[in-house]
Amino acid sequence: MKKVGILWVSWSIGSQTIDILKNYRQDFQLISVSAGKNITYLREVLNEFPEVQIVSVSDEKEAIELQKSYPKKHIFYWENGLNEVATADIDILITAVVGSIWLIPTYKAIEKGITIWLANKETLVTAGKIIMEKAKEKGVSILPVDSEHCALFQCLKAGEIQEVKRLIITASGWALRDTDISKFPSLKKSDVLKHPNWSMGQKITVDSATMMNKALEVIEAHHLFQIPYENIEAVIHKESIIHSLVEFIDGSMMAQMGTPDMRLPIQYALTYPERKKVIWHQYLDFTKVTSLHFENHISKEKYPCFYLAKECGIKGGIYPTIMNAANEVAVEAFLQEKIHFTKIIEIIEQTLTLFQQKENLSLQEILDFDRESRIKAQEIIKKISL
Ligand code: MG
């Protein structure tokens, strides 16, 4: 039986993980969970999985309240709580959240030798080099829950890494796919938060609309699979049936396809290296898939975030950290309706100009630059009016 911890059980990936765990009680034991403000859902989880021992919530008041209801559990809060959840007596940690705040708990789990199933791409974007080096040193597997990377991971099993010609990441679709750029100035938050194929959290849905998400995924793939940037491409594939492809040097291409449902990569993560029958899932009837479209042109005018973020990944050093932090702050400001959608790129660009390149950063330096760039991005936002 595998022991599982989930960082941020109340978010989209976390709650979908819970749905799967309910179906495989004989195979998994849920040991530790963190949650944010959704205490009602957290209580549901704790009642459903009484074996949970370690719990983290966002503040002390909530922790005290929860402790009254569950006197035998260890209840923690905020940063210390996240570290307790990540370093509990578990075999697998699922980092089911967005944002770079999860860097330290993830790093601590790696130090403890816990297998990481990563649904948090920001960790690798902001600190990919240091995380992968630590994982290598500790012999820890970092495996992807992101649907595209899970697809690449499966396709890569068909050959050796030195036989790879290209990784091709599909951009599955986004809210603004069919919206003309002339309409961008009048976009509302609700227009951006519509996603045709995938049901995801708000931050990642905005990142999908800017295609920042796809650039973050290119950076994530570069670190995870140790493939040079020039051998990683993104293509637009509107049906979201093929989740990514690997081309090998002999011309063979492997593609992973399936219904667009995040529970598929999550279940693969949990049961890996085995595969298990799905109970909740509609199997893909591929005979009903009459056509698949691919487009390798990603408009620079419509999706400037994609190009800027990818460039930051290629430059490496300080740039991915600054870019990622500025994006998180800008997206949050957009979600709070403090800035317009089209200002997200400006905030990232302006923040980047305030920093000089620095290579081989320590974990502490990454955290310092992350914090500093968030402050700078906030200052820029204050100057921008809607
Ligand atoms: Mg993805």
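**Entry 1: two glutamates and a metal**

I began with Glu-148 and Glu-217 and looked up their exposure: Glu-148 is buried, and Glu-217 is buried too. I am working from a predicted model, which I keep in mind throughout.

Next I asked which protein residues donate to the magnesium ion. I found Asp-146 (OD), Glu-148 (OE) and Glu-217 (OE), at 2.1 to 2.3 Å from the ion. Along the chain, I read the spacing of these donors as D-x1-E-x68-E. The two glutamates come from distant parts of the chain: Glu-148 sits in helix α7 (residues 147-155) and Glu-217 in helix α10 (residues 212-225), 69 residues apart.

**Entry 2: salt bridges around the metal donors**

I then turned to Asp-146 and looked for a charged partner. Lys-121 makes a salt bridge with Asp-146, and their closest N and O atoms are 3.1 Å apart. Here too, distant parts of the chain are linked: Lys-121 belongs to helix α6, while Asp-146 lies in the loop between β7 (142-144) and α7, 25 residues apart. Are these two residues buried or exposed? Both Lys-121 and Asp-146 are buried.

I followed the pairs outward and found a network of salt bridges that links Lys-121, Asp-146, Glu-148, Lys-214 and Glu-217. The magnesium donors Asp-146, Glu-148 and Glu-217 are thus on my list for the network as well.

**Entry 3: other salt bridges**

How many salt bridges does a search of the whole structure find? I noted 27. As a reminder to myself, side chains of opposite charge can pair when their charged atoms come close.

I picked out Glu-48 and Arg-25, whose side chains meet in a salt bridge at 2.8 Å, N to O. Glu-48 is in helix α2 (residues 39-48) and Arg-25 is in the loop between α1 and β2, so I have a link between distant parts of the chain, 23 residues apart. Glu-48 counts as partly exposed because its relative accessibility is 35%. Arg-25 is also in the partly exposed class, at 33%.

My next pick was Lys-134 with Glu-111, a salt bridge at 4.0 Å, N to O. Lys-134 lies in helix α6 (residues 121-138) and Glu-111 in helix α5 (residues 103-111), so this pair ties together parts that are 23 residues apart in sequence. I checked exposure for both partners: Lys-134 is buried, with 12% relative accessible area, whereas Glu-111 counts as partly exposed at 38%.

**Entry 4: helix α11 and its cover**

I went on to helix α11 (residues 263-271), which is mostly covered, with 7 of its 9 residues buried. The buried ones I wrote down are Pro-265, Ile-266, Gln-267, Tyr-268, Ala-269, Leu-270 and Thr-271. What covers them? The cover includes the strands β1 (2-7), β2 (28-34), β5 (92-95) and β6 (115-118), along with the helices α1 (12-23) and α7. I had met α7 before, as the helix that holds Glu-148.

**Entry 5: a helix pair**

Last, I looked at helix α12 (residues 304-315) and helix α13 (residues 319-335), whose axes come within 7 Å and cross at roughly 150°. Because of that angle, α12 is roughly antiparallel to α13. From α12, I listed Ala-309, Cys-312, Gly-313 and Lys-315; they meet Tyr-319, Pro-320 and Met-323 in α13. Sorted by type, the residues of this contact are 5 nonpolar, 1 polar and 1 charged.

Note on methods
Residues are numbered from 1 along each chain as its sequence is written. This is a predicted model: local features need pLDDT of at least 70, side-chain atom pairs count only at pLDDT 80 or more; totals for chains, interfaces and linings use all residues. Side-chain values use heavy atoms; hydrogens and water are left out. Donors are N, O and S atoms within 2.8 Å of the metal (3.2 Å for Na, K and Ca); water is not among the atoms, so sites may look incomplete. Helices (H or I, at least four residues) and strands (E, at least two) are DSSP runs, numbered from the N terminus. Buried means under 20% relative accessible area, exposed over 50%, partly exposed in between (1.4 Å probe, protein chains only). Axes are lines fitted to C-alpha atoms, for helices over the stretch in contact, and angles run from 0 to 180 degrees between N-to-C directions. Angles under 35 degrees count as roughly parallel, over 145 as roughly antiparallel, 65 to 115 as roughly perpendicular and the rest as oblique. Contact means heavy atoms within 4.5 Å. Ala, Val, Leu, Ile, Met, Phe, Trp, Tyr, Cys and Pro count as nonpolar, Asp, Glu, Lys and Arg as charged, and the others, Gly among them, as polar.
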